[in-house]
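Visitor: I am new to this structure and would like to know the reasons behind the words used for it. Could you take me through them one by one?

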Amino acid sequence: MLLDETSLFDPSLLQELDWSSNTVSFSPAISPSQPGEGLVLRPLCTADLDRGFYKVLSELTVAGDVTEEQFKAQFEHMKKSEDYYVIVVEDTNIGQIVATASLIIEHKFIHACAKRGRVEQVVVSDVYRGKQLGKLLVSTLTLLCKKLQCYKITLECVPNILEFYKKFGYSTSDEKHAVLVL
């Protein structure tokens, strides 16, 4: 597999989101189809390895040194499973990834074999913070989780950013992570 524009998942899933059911306000108004001037929100693709995807992830945690082969193998594994939804925001003016977040779907036996969504790895490059991209990522993944008919969405976060997630309807659970029940 070459580093190309192959998407991790079907981009139409993002285009079909019912943005009118979003519960968070944006000023100025932005959406998955219009994230800002020169910006595009889309699924991760293999070419993003060369567009600074790991540089953005390293602003969140230790991303590690990953070879092109390792990245391609992980990408293919995630794509085949159809349970990983990694979205990115690319600044097309500079051809770089400036934000990313992930949704992982877990298949359960409980709740009549329902699905649960986990939001992870939400990070916006420090140069792009304050442009509502974190809100856009979380809103998009929350709506995607609903579209995929998950009975519950969870995420883990450090206490100092809990207030950010409460804007979306997440609340602290006894398990010490934020939970939104659909």
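Guide: Let us begin with a term: a helix here is a DSSP run of H or I with at least four residues, and helices are numbered from the N terminus. In this predicted model, Thr-140 lies in helix H5, which covers residues 133-147.

Visitor: What makes Thr-140 count as buried or exposed?

Guide: Buried means a relative accessible area under 20%; Thr-140 has a relative accessibility of 0%, and therefore it counts as buried. Setting aside neighbours within four places in sequence, Thr-140 is in contact with Leu-14, Leu-17, Trp-19, Pro-32, Leu-41 and Ile-87, where contact means heavy atoms within 4.5 Å.

Visitor: Why does Asp-65 count as buried or exposed?

Guide: A residue is called exposed when its relative accessible area is over 50%, and because Asp-65 reaches 81%, the word for Asp-65 is exposed. Asp-65 is found in the loop between helix H2 (53-57) and helix H3 (68-81), and its C-alpha is 8.8 Å from that of Tyr-54, a residue eleven places away in sequence.

Visitor: How do you know how many disulfides there are?

Guide: In general, a disulfide is a covalent bond between the sulfur atoms of two cysteines. The rule applied here asks for a pair of cysteine sulfur atoms within 2.5 Å, and by that rule the count is zero. For Cys-113, the closest cysteine sulfur is that of Cys-150, and it lies 14 Å away, so the two are too far apart for a bond.

Visitor: Which of the words buried and exposed belongs to Cys-45, and which to Cys-113?

Guide: Cys-45 has a relative accessible area of 2% and is therefore buried, whereas Cys-113, with 56%, is exposed, since the limits are under 20% for buried and over 50% for exposed.

Visitor: How does the radius of gyration of the protein agree with that of a compact globule?

Guide: A compact globule with 182 residues would have a radius of gyration near 16 Å, and the protein has 16 Å, so the two agree. The C-alpha atoms fill a box of roughly 40 × 40 × 30 Å, taken along the principal axes, and 49% of the 182 residues count as buried.

Visitor: What pattern do the helices and strands follow along the sequence?

Guide: The protein has six helices and seven strands, and their pattern along the sequence reads α-β-α-α-β-β-α-β-α-β-α-β-β. Among contacts between residues at least 6 apart in sequence, 69% join residues at least 24 apart.

Methods: Residues numbered from 1 in each chain as written. Predicted model: local features only at pLDDT ≥ 70, side-chain atom pairs only at ≥ 80, totals over all residues. Heavy atoms only, no water. Helix = DSSP H or I, 4+ residues; strand = E, 2+ residues; numbered from the N terminus. Rg over C-alpha atoms; globule rule 2.2 N^0.38 Å. Buried < 20%, exposed > 50% of the residue type's maximum accessible area, 1.4 Å probe, protein only.
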